[in-house]
Amino acid sequence: MATVHIAAAKEAKTKSEVSGQTSTVHTSLFRHIFSSEMPPSEHAVERLTKEAEVLLGAGTVSTGRTLDFISYYVLADRNIRRRLEEELNEVMADYPRITPKLVELEKLDYFKALIKEGLRYVDITGPVISLANRNIPTASAMELCTDSLVVLQTRPSSTRNGRYRKV
């Protein structure tokens with residue numbers, strides 16, 4: 001599907017150059033690329049199709065992983081599920097006849113908290129990796145050599161349920 005859209009965008013750009021008229025068709029990322037000052041070598045349909053796959057994958061993998069994580073804990077813990085159901089009862093009363101608006105869902109504190117915690121806890125960015133620069137101070141008895149690989153974990157290493165005691 002991306003290939004068809006990209007080829008159509010490229011063809012529309014070519015037609016507009018020949019006719020001297022700008023296209024009235026809806027705009028898209030790829031139509032902007034063809035209208036940009038990027039070199040023509042960057043406009044290959046095959047190359048842009050691969051870029052489209054990366055864009056699509058980047059959006060779906062992180063969203064899917066977060067929803068997967070939240071869904072597991074809602075289904076695995078009766079207390080979480082019960083509290084969420086209680087909060088959603090009123091706003092979802094007429095569903096599917098009436099779909100709740102985003103504004104209504106944003107007013108639900110527990111629902112928002114579940115989503116925020118899911119986003120916070122799911123490691124979608126991975127660890128931060130860098131090379132130690134020459135001015136790294138020593139910490140206790142350890143000293144890093146120049147150009148040592150440094151990995152900063154963005155969340156706890158273990159996410160096993162029950163790993164941490166409840167306070």
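Is arginine 47 buried, partly exposed or exposed? Arginine 47 is partly exposed, because its relative accessible area is 27%. For reference, buried means under 20% relative accessible area, exposed means over 50%, and partly exposed lies in between (1.4 Å probe, protein chains only).

Welcome to this structure, which is a predicted model: local features need pLDDT of at least 70, side-chain atom pairs count only at pLDDT 80 or more, and totals for chains, interfaces and linings use all residues. Residues are numbered from 1 along each chain as its sequence is written, and side-chain values use heavy atoms, with hydrogens and water left out.

**The overall picture**

The protein has six helices and two strands, and from the N terminus on they follow the order α-α-α-α-α-α-β-β. Helices (H or I, at least four residues) and strands (E, at least two) are DSSP runs, numbered from the N terminus. The protein has 167 residues, and 20% of them count as buried. Its accessible surface comes to about 13500 Å², with 57% belonging to carbon and sulfur atoms; such areas come from the Shrake-Rupley method with a 1.4 Å probe, and for residues only the protein chains shown count as cover. Among contacts with a separation of 6 or more, 48% are between residues 24 or more positions apart, where contact means heavy atoms within 4.5 Å.

**Helix H3 and the cores**

Let us follow helix H3, which covers residues 45-76. At 1.5 Å a residue, its 32 residues should span 46 Å, and its end C-alpha atoms are 45 Å apart, which agrees. The expected span is 1.5 Å times one less than the number of residues in the helix. Buried residues in H3 include Leu48, Thr49, Ala52 and Thr66.

Ile70 and Val74 are also buried in H3, and both belong to the largest nonpolar core, which has 10 residues in all. H3, helix H4 (78-91) and H6 each supply at least two residues of this core, and the largest share, four residues, comes from H4. A nonpolar core is a set of buried Ala, Val, Leu, Ile, Met, Phe, Trp, Tyr and Cys residues joined through side-chain atoms within 4.5 Å. Leaving aside residues up to four places away in sequence, isoleucine 70 touches Leu114, Ile115 and Gly118. There is also a second, separate core of seven residues, with Ile6, Ala9, Ile33 and Phe34 among them.

**Salt bridges**

The structure holds six salt bridges, each a side-chain nitrogen of Lys or Arg within 4 Å of a carboxyl oxygen of Asp or Glu. Here are three of them.

| Arginine | Acidic partner | Closest N and O atoms |
|---|---|---|
| Arginine 47 | Glutamate 51 | 3.9 Å |
| Arginine 97 | Aspartate 94 | 3.7 Å |
| Arginine 120 | Glutamate 117 | 2.8 Å |

Arginine 47 and glutamate 51 both lie in H3, four residues apart, about one turn of the helix. Glutamate 51 is partly exposed, at 38% relative accessible area. Arginine 97 counts as exposed at 64% relative accessibility, while aspartate 94 counts as partly exposed at 40%.

Arginine 120 and glutamate 117 both sit in helix H6 (residues 109-121), three residues apart, about one turn of the helix. Arginine 120 counts as exposed because its relative accessibility is 53%, and glutamate 117 is partly exposed at 42%. Elsewhere, salt bridges that share partners join Glu42, Arg47 and Glu51 into one network.
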